[in-house]
Amino acid sequence: EQIQAQIADFRIENKEQLEQFRLQFINRKSVIAELLAGLKDIAPEDRKAVGAQLNNLKNAAQTRFDEAAAALENSASSFVAPPKDLTLPAIPFAQGTRHPLSLVRSEIIGIFERIGFNISEGPEIEDDWHNFTALNFPPNHPARDMQDTFFVEKNPDIALRTHTSSVQVRVMENSKPPIRTLSPGRVYRNEAISARAHCMFHQVEGLYIDRNVSFADLKQTLYYFVKELFGSDVKIRFRPSFFPFTEPSAEIDISCRICNGDGCQMCKHSGWVEIGGAGMVDPNVLNNCGINPEEYTGFAFGMGIERITNLKYQIRDLRLFTENDVRFLRQFTHIG
Ligand code: PHE
């Protein structure tokens, strides 16, 4: 009983007192341990009762110790720090930057989302049907040539997609008009790497299918787009062109921002620079994808994201996008 009272009354307010308590009541040489050791000298008929009492004491000591230790621990963590010096400069940390192509892709997506386009994606490894055949490429079209296309397998042909027009086919096969979709993604062509060409680059495809869609809708949509992206002083022009999957087809030029219209390497001194191709979706393509060309018409366009990024940020060498030179990438820290 005496020891019980001692255990209960022991002051434990700091680590030293806690240690003293441990030595006195819990340690191998504590009073309780000594009493337990003396148990063998007690008459056998009393041993059980005394042993049980001692055990209770031992448990009480351990409980008291654990509680006191926990309480000390808590009060240590609620320690109040001295007031912070808010005038100290912040500790600098290396913040990463978004890649310029990613910034421009997001900006393009935002512009088209505002006029009701959704976003769609397709695989980079494509079959012949989606990359060529459904898009009305004749069997011997030069674009299917080994020189342009990276083939993964031959017969049946599987290749790295050469353009995002393959996603048009997938969307048309899987949904019903009206369709308004934008498909950004990587494309591959077997070209030597230089300042102006790469074997891997990015395109963004647009597709709009509905009743009574006309070439005027195409023009106005792209006009809206370039003004949003480059500012209201940019000019746009369409040049007649040819793609197997659009009829009529056009190449889209904008006034060159790098030379401000005076002529430079980028625009081959014409004051205009091409940003992509476009046209009215060929009726054969609509048929191939299960859409009735008597009922629906549509336009499609495809643009190079690298080309647009070059023009927007006056970048003159495509290779910078894949070299991961932080001196280049850091320049985009404050954009977007
Ligand atoms: N797919 C074409 C290209 O890679 C671009 C394009 C897309 C043209 C859609 C017309 C319509 O160059």
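Which helices and strands each supply at least two residues of the shell around the ligand? In this predicted model, the elements that do so are helix α7 (165-174) and the strands β6 (200-210), β9 (272-281) and β10 (297-304). Of the elements in the shell, β10 gives the most, with 3 residues.

The shell around the ligand was examined next. In total, 14 residues surround the ligand. The closest of them are H163, S165, R189, Q203 and G302. Sorted by class, the shell holds 7 polar residues, 5 nonpolar residues and 2 charged residues.

Three of the closest residues place a polar side-chain atom beside a nitrogen or oxygen atom of the ligand. For R189, a polar side-chain atom lies 2.8 Å from an oxygen atom of the ligand. For S165, the partner is a nitrogen atom of the ligand, at 2.9 Å from a polar side-chain atom. H163 likewise has a polar side-chain atom 3.0 Å from a nitrogen atom of the ligand. On its own, the ligand has 320 Å² of accessible area, and the protein covers 90% of this area.

Packing between two helices was also described. Two packed helices are described by two quantities, the angle between their axes and the distance between the axes. Helix α5 spans residues 100-113 and helix α8 spans residues 215-230. The axes of α5 and α8 come within 10 Å and cross at roughly 130 degrees. An angle from 115 to 145 degrees falls in neither the roughly perpendicular nor the roughly antiparallel range, and α5 and α8 are therefore oblique to each other. The crossing in which α5 passes α8 is right-handed.

The backbone contains cis peptide bonds that precede proline. One of them runs from N155 to P156, with omega near -5 degrees. P156 lies in the loop that connects β3 (151-153) to β4 (158-160). N155 lies in the loop between β3 and β4 as well. The phi angle of N155 is near 50 degrees, which is a positive value in a residue other than glycine. N155 thus combines a positive phi with a cis bond to the residue that follows.

Another cis peptide bond joins E247 and P248, and its omega is about -5 degrees. P248 is found in a strand, β8, which covers residues 246-255. The setting of P156 is a loop, whereas that of P248 is a strand.

Notes: Residues numbered from 1 in each chain as written. Predicted model: local features only at pLDDT ≥ 70, side-chain atom pairs only at ≥ 80, totals over all residues. Heavy atoms only, no water. Near = heavy atom within 4 Å. Polar contact = N/O pair within 3.5 Å; in protein donor to acceptor, adjacent residues only side chain to side chain. Areas by Shrake-Rupley, 256 points an atom, 1.4 Å probe, with all protein chains shown as cover. Helix = DSSP H or I, 4+ residues; strand = E, 2+ residues; numbered from the N terminus. Nonpolar A, V, L, I, M, F, W, Y, C, P; charged D, E, K, R; others polar. Axes fitted to C-alpha atoms, helices over the stretch in contact; angles between N-to-C directions. Parallel < 35°, antiparallel > 145°, perpendicular 65-115°, else oblique. Left-handed = near helix turned anticlockwise from the far one by under 90°.
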